[in-house]
Amino acid sequence: MKKIILSTFGLLSAFSVAQNKKEFSGYPKDLKINQIQVLGTHNSYAKPVDPKVLKMAGSIMEKFKGSFLNNMSPEEKAKFQEYHPNGLDFAEALNYNHPDFNEQLNAGMRNIEIDVYYDPTGNRFNKPASYEMLKKQGITDLAPFSTEDLDKPGFKVMHIADLDFRTHYTTFRKALQALKDWSDKNPGHIPIFIQVEAKDSGLPIFPNAAEVLKFDQKAFDDLDQEVLSVLGRDKIIAPDDVKGKYKTLNEAVLHHNWPTVNDSKGKFVFILLPSSAGISNNESAYLAGHPNLKGRMMFVESAPGKDYSAFVLYDNAIVRQNEIQKLVKEGYLVRTRSDIETYEAKVNDRTREKAAFSSGAQVVSTDFFRKGNAYGTDYYVTVPNGETARCNPVNSPANCPK
């Protein structure tokens with residue numbers, strides 16, 4: 001009986017994998033994970049914002065747009081304009097719709113982005129201020145949202161507290177469990193790159209907005225423990241695995257000491273993004289007490305050249321084409337975007353998509369990985385070879401099919 005059960009399970013697993021997008025194939029056995037290129041989604045957990053909230057928020061933000069930019073330093077303002085080259089309009093920037101992780105991973109996405117908020121007491125995000133404000137105006141036909149486990153302590157998943165809070169996964173634990181469940185059913189998958197943005201500031205434009213807490217060392221310790229408790233250490237490619245015998249993590253990266261794709265099957269690479277999507281230059285508390293990220297589960301977005309540098313965020317591949325190619329050749333991991341704030345889908349422009357893939361950035365992020373966008377254009381993005389990954393056009397060996 002046991003053999004019959006196992007045999008049936010094997011057939012079901014094989015059928016499951018067969019339904020997925022074709023996994024990366026035909027690559028040299030010694031190909032490393034920094035020598036491939038994958039596609040992923042931006043704000044991967046998100047459900048659409050209620051249109052009434054968008055309209056109200058857009059009207060409020062329009063009044064503060066000037067002062068918002070004026071409060072930035074010249075360097076921060078330059079970064080903001082690079083990351084938001086088409087301006088920032090909420091209705092346009094959030095005009096996309098993602099299914100759950102299972103559907104995205106089955107469609108070939110090998111990069112997922114998750115935004116997390118620190119909530120050590122619970123009950124911080126149960127009553128979004130925008131909904132409360134609209135309800136006081138007599139508006140009740142609002143898009144439903146789950147409050148499951150929001151009353152409990154733990155990391156919560158959403159894009160912008162009180163505004164863009166509708167999500168497939170209310171907690172980080174639920175999001176991680178969904179990833180693990182899919183991975184366990186598809187153990188031969190190439191590594192999945194997970195960006196985790198630790199949100200430590202809100203956008204308090206509504207009365208009685210939720211207080212967003214900063215991430216201190218304890219919060220980051222708890223964040224790592226959450227990853228470990230759900231996935232287990234054997235499913236994680238951590239900084240210690242790359243550093244190896246080298247003096248610093250950065251030295252290991254510059255010596256291309258990344259694991260091979262074959263040795264990384266069934267695993268995840270976690271990358272911590274700073275709050276404000278990289279606009280701030282403040283060093284993360286995640287580094288405190290962990291030189292070279294020793295013992296940590298995530299790599300950290302940073303400028304190149306620091307002892308702990310391994311990953312660089314350059315979202316604008318048109319502006320940063322040469323820098324990205326240089327960093328990729330040196331050994332760094334880089335994330336860039338094929339479309340920013342839905343502009344490319346709206347005007348059906350593939351200039352940024354082409355720049356993203358030709359840059360060699362290992363991770364390319366899109367809001368449109370399937371046919372049918374809100375603008376009715378033909379714009380959607382796939383890995384050029386039609387599989388879940390391809391050999392990197394900038395740094396993979398000559399015998400690797402591009």
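Lys174 is partly exposed at a relative accessible area of 26%, where buried means under 20%, exposed over 50% and partly exposed in between (1.4 Å probe, protein chains only). The model is predicted, and local features need pLDDT of at least 70, side-chain atom pairs count only at pLDDT 80 or more, and totals for chains, interfaces and linings use all residues. Residues are numbered from 1 along each chain as its sequence is written, and side-chain values use heavy atoms, with hydrogens and water left out.

**Salt bridges**

The side chain of Lys174 meets that of Asp149 in a salt bridge of 3.2 Å, N to O; the term denotes a side-chain nitrogen of Lys or Arg within 4 Å of a carboxyl oxygen of Asp or Glu. Asp149 belongs to the loop between α6 and β3 and Lys174 to helix α7 (residues 172–185), so the pair ties together parts that are 25 residues apart in sequence. Helices (H or I, at least four residues) and strands (E, at least two) are DSSP runs numbered from the N terminus. Asp149 is partly exposed, with a relative accessible area of 22%.

In total, the structure holds 29 salt bridges. Three of them are set out below.

| Pair | Closest N to O distance |
|---|---|
| Asp149 and Lys174 | 3.2 Å |
| Lys180 and Asp184 | 2.7 Å |
| Asp222 and Lys218 | 2.8 Å |

Lys180 and Asp184 are 4 residues apart in helix α7, a separation of about one helical turn. Asp184 is partly exposed, at 39% relative accessibility. Asp222 and Lys218 are likewise 4 residues apart, about one turn, and both lie in helix α8 (residues 217–231). Asp222 counts as partly exposed at 28% relative accessibility. Elsewhere, Asp119, Arg124, Lys156 and Glu211 are joined into one network by salt bridges that share partners.

**The loop between α6 and β3**

Asp141 is placed in the loop between α6 (129–136) and β3 (156–157). Asp141 is exposed, with a relative accessible area of 55%. Leaving out residues up to four places away in sequence, Asp141 touches Asp50 and Lys52, contact meaning heavy atoms within 4.5 Å. Although Asp141 and Lys152 are 11 residues apart along the chain, 27 Å separates their C-alpha atoms.

**Core and cavities**

The largest nonpolar core contains 117 residues, of which Phe101, Ile114 and Phe172 touch the most other members. Such a core is a set of buried Ala, Val, Leu, Ile, Met, Phe, Trp, Tyr and Cys residues joined through side-chain atoms within 4.5 Å. Beyond its neighbours within four places in sequence, Ile114 has contacts that include Tyr45, Phe101, Val157, Phe172 and Leu179.

There are 2 cavities of 30 Å³ or more. On a 1 Å grid over the protein atoms alone, a cavity is a set of points where a 1.4 Å probe fits but cannot get out, and lining residues have an atom within 4 Å of a point. Grid points are joined across faces, edges and corners, and a volume is the space filled by probe spheres set on the points.

The largest cavity has a volume of about 60 Å³. Its lining includes Phe125, Phe145, Val157, Phe165 and Thr170. The second largest cavity holds about 40 Å³, and among its lining residues are Lys47, Tyr96, His98 and Asp164.

**Helix α13**

Helix α13 (residues 351–359) has Arg352, Glu353, Ala355, Ala356, Phe357 and Ser359 as its buried residues. Just after α13, Gly360 adopts a positive phi of about 85 degrees.

Technical notes: 1 Å grid on protein atoms, 1.4 Å probe; cavity = no way out; pocket = protein on both sides within 12 Å on 5 of 7 lines; lining within 4 Å.
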